[in-house]
Amino acid sequence: VQLQASGGGLVQAGGSLRLSCAASGSIFSINDMGWYRQAPGKQRELVATITSGLMTNYADSVKGRFSISRDNAKKTVYLQMNSLKPEDTAVYYCNADLRVDTWSPPRDYWGQGTQVTVSS
C-alpha cells in the first residue's frame with residue numbers, strides 16, 4: 001500500500017493550494033482519511049480528517065480556510081487551502097486508516113509528505 005501526496009509548493013500569503021493524496025495497492029476498504037502537518041521544531045499536528053461517510057473535522061487554526069474532501073472511487077483525499085498564512089508553512093502528510101483484506105484489522109498508513117511554504 002502506498003499513499004502518494006502531491007500539490008505542495010511555494011505561495012504568497014493569501015494564496016491558495018490544493019493537495020491531493022492517492023492510495024494505491026492492495027486495499028480492501030478505507031475508513032478515515034486525513035491531513036497532518038509538521039513545522040520545523042514542532043510536533044506533527046492534525047489539520048483535517050474525513051470519514052468514509054464524508055463527515056469532516058478541522059483544527060481550529062484552519063477552520064473556514066481549508067476544506068477536505070475525498071473521492072472514494074479514486075481512493076483519493078484532497079485538501080483545498082485558501083487564505084494561506086505564513087504559519088501554515090509545514091510539511092503536510094496524508095493519512096489513511098485502511099484494511100488490506102477482510103482478515104486484517106485496520107491500520108494507519110502515511111504518505112511521504114509534501115512541503116507547503118507560505119511567504120509573507
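Reading the disulfide and the core

A search of the whole predicted structure finds one disulfide (a pair of cysteine sulfur atoms within 2.5 Å). Residues are numbered from 1 along each chain as its sequence is written. In this predicted model local features need pLDDT of at least 70 and side-chain atom pairs count only at pLDDT 80 or more, while totals for chains, interfaces and linings use all residues; side-chain values use heavy atoms, without hydrogens and water.

Q: Which residues does the disulfide join?
A: A disulfide is a covalent bond between the sulfur atoms of two cysteines. Here Cys21 is joined to Cys94, S to S 2.0 Å. The link is right-handed, with 50 degrees about the S-S bond. Cys21 lies in strand S3 and Cys94 in strand S9 (strands are DSSP runs of E, at least two residues, numbered from the N terminus), so the pair ties together parts 73 residues apart in sequence.

Q: Are Cys21 and Cys94 buried or exposed?
A: Both are buried (under 20% relative accessible area, 1.4 Å probe, protein chains only; exposed is over 50%, partly exposed in between).

Q: Where is Ser20, and what is it in contact with?
A: Ser20 is in strand S3 and is buried, at 19% relative accessible area. Leaving aside neighbours within four places in sequence, Ser20 has contacts (heavy atoms within 4.5 Å) that include Gln4, Trp35 and Tyr78.

Q: Which residues touch the most other members of the largest nonpolar core?
A: In soluble globular proteins, nonpolar side chains tend to be buried together. The core here (buried Ala, Val, Leu, Ile, Met, Phe, Trp, Tyr and Cys residues joined through side-chain atoms within 4.5 Å) has 32 residues. Trp35, Val47, Phe66, Ile68, Leu79, Met81 and Tyr92 touch the most other members. S9 gives the most to this core, with five residues.

Technical notes. Helices (H or I, at least four residues) and strands (E, at least two) are DSSP runs, numbered from the N terminus.
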